[in-house]
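Work through the exercises below with the sequence and the model side by side. Try each task before reading its solution.

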Amino acid sequence: VATAGTGVGIAAGHDIQASGNHVVSCGLTANGTWYAWGANAVVIWNFYKSKSFYNNHVSGTVGGVVAPDGRGGGKKANEWMPKDKNQDSSSAIERDSFTDPCLVNGKVSLRAEDDERALWAAKLAAHRQTVGAR
């Protein structure tokens, strides 16, 4: 929730599977200022240009991310997987369901972040889990 970067990312390694994640970020701070850098919900990127980067998959991610569009508004920023000489074809982003809850009638609404936080807190409570120091 409210990430100013990547929600789920694989930047190194091989045979990595990431599935069933929720990513909701509306791209704005509480006072309505855009985060200083862009964001993506899901990224697979051979950041270190390693020959040992292959067979990585992200699937089943839901939600959505909004990034600044350069004109004062927001745009969907859900998946990014560059196609360059350091990126292998065995990696894939697939079977994601981005509903983009932050975009309501073409405008950005922070309500989706509050709703996702509440859903997460309810899941923790239902499983008697706590976060932070005890």
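**Exercise 1. Contacts and overall make-up**

Task: Of the contacts with a separation of 6 or more, what percentage joins residues 24 or more positions apart? Then describe the chain as a whole.

Solution:
1. This is a predicted model. Take the contacts in the chain with a separation of 6 or more; residues 24 or more positions apart account for 77% of them.
2. List the elements. The chain holds 1 helix and 12 strands. Read from the N terminus, the order is β-β-β-β-β-β-β-β-β-β-β-β-α.
3. Add the extent. The C-alpha trace spans about 45 × 40 × 30 Å along its principal axes.
4. Turn to burial. The chain has 134 residues, and 36% of them are buried.
5. Finish with the surface. The accessible surface is about 8200 Å². Carbon and sulfur atoms contribute 52% of this surface.

**Exercise 2. An open sheet**

Task: In what order do the 3 strands of the open sheet lie, and is the pairing parallel or antiparallel?

Solution:
1. The order is S2-S5-S9, and the pairing is parallel.
2. Find the edges. Strand S2 (17–19) and strand S9 (92–94) each pair on one side only.
3. Check the angle. On average, neighbouring strands of this sheet are turned by 10° against each other, direction ignored.
4. Look at one pairing. Strand S5 (residues 57–59) is joined to S9 by 3 bridges. His57 has Ala92 in S9 as its bridge partner.
5. Recall the general principle: strands of a sheet pair through backbone hydrogen bonds, either parallel or antiparallel.

**Exercise 3. Two residues of one loop**

Task: Is Asn56 buried or exposed? Classify Tyr48 in the same way.

Solution:
1. Place the residues. Asn56 is in the loop between S4 and S5. Tyr48 lies in the loop between strand S4 (40–44) and S5.
2. Apply the cut-offs: buried means under 20% relative accessible area, exposed over 50%.
3. Asn56 has 0% relative accessibility, so Asn56 is buried.
4. Tyr48 has a relative accessible area of 59%, so Tyr48 is exposed.
5. See what surrounds Asn56. Beyond its neighbours within four places in sequence, its contacts include Ile10, Gly13, His14, Asp15 and Ile16. Ile44, Ser90, Ser91 and Ala92 are also among them.
6. Compare sequence and space. Asn56 and Ile93 are 37 residues apart along the chain, with their C-alpha atoms separated by 8.6 Å.

**Exercise 4. A surface patch**

Task: Which residues make the nonpolar surface patch of about 450 Å²?

Solution:
1. The patch is made by Trp45, Phe47, Tyr48 and Trp80.
2. Link back to the loop: Tyr48 is exposed, at 59% relative accessible area.

Note on methods:
Residues numbered from 1 in each chain as written. Predicted model: local features only at pLDDT ≥ 70, side-chain atom pairs only at ≥ 80, totals over all residues. Heavy atoms only, no water. Pairing = 2+ DSSP bridges. Helix = DSSP H or I, 4+ residues; strand = E, 2+ residues; numbered from the N terminus. Axes fitted to C-alpha atoms, helices over the stretch in contact; angles between N-to-C directions. Patch = residues over 30% accessible without salt bridge, like charges linked within 9 Å, V, L, I, M, F, W, Y side chains within 5 Å. Areas by Shrake-Rupley, 256 points an atom, 1.4 Å probe, with all protein chains shown as cover. Salt bridge = Lys/Arg side-chain N within 4 Å of Asp/Glu carboxyl O. Buried < 20%, exposed > 50% of the residue type's maximum accessible area, 1.4 Å probe, protein only. Contact = heavy atoms within 4.5 Å.
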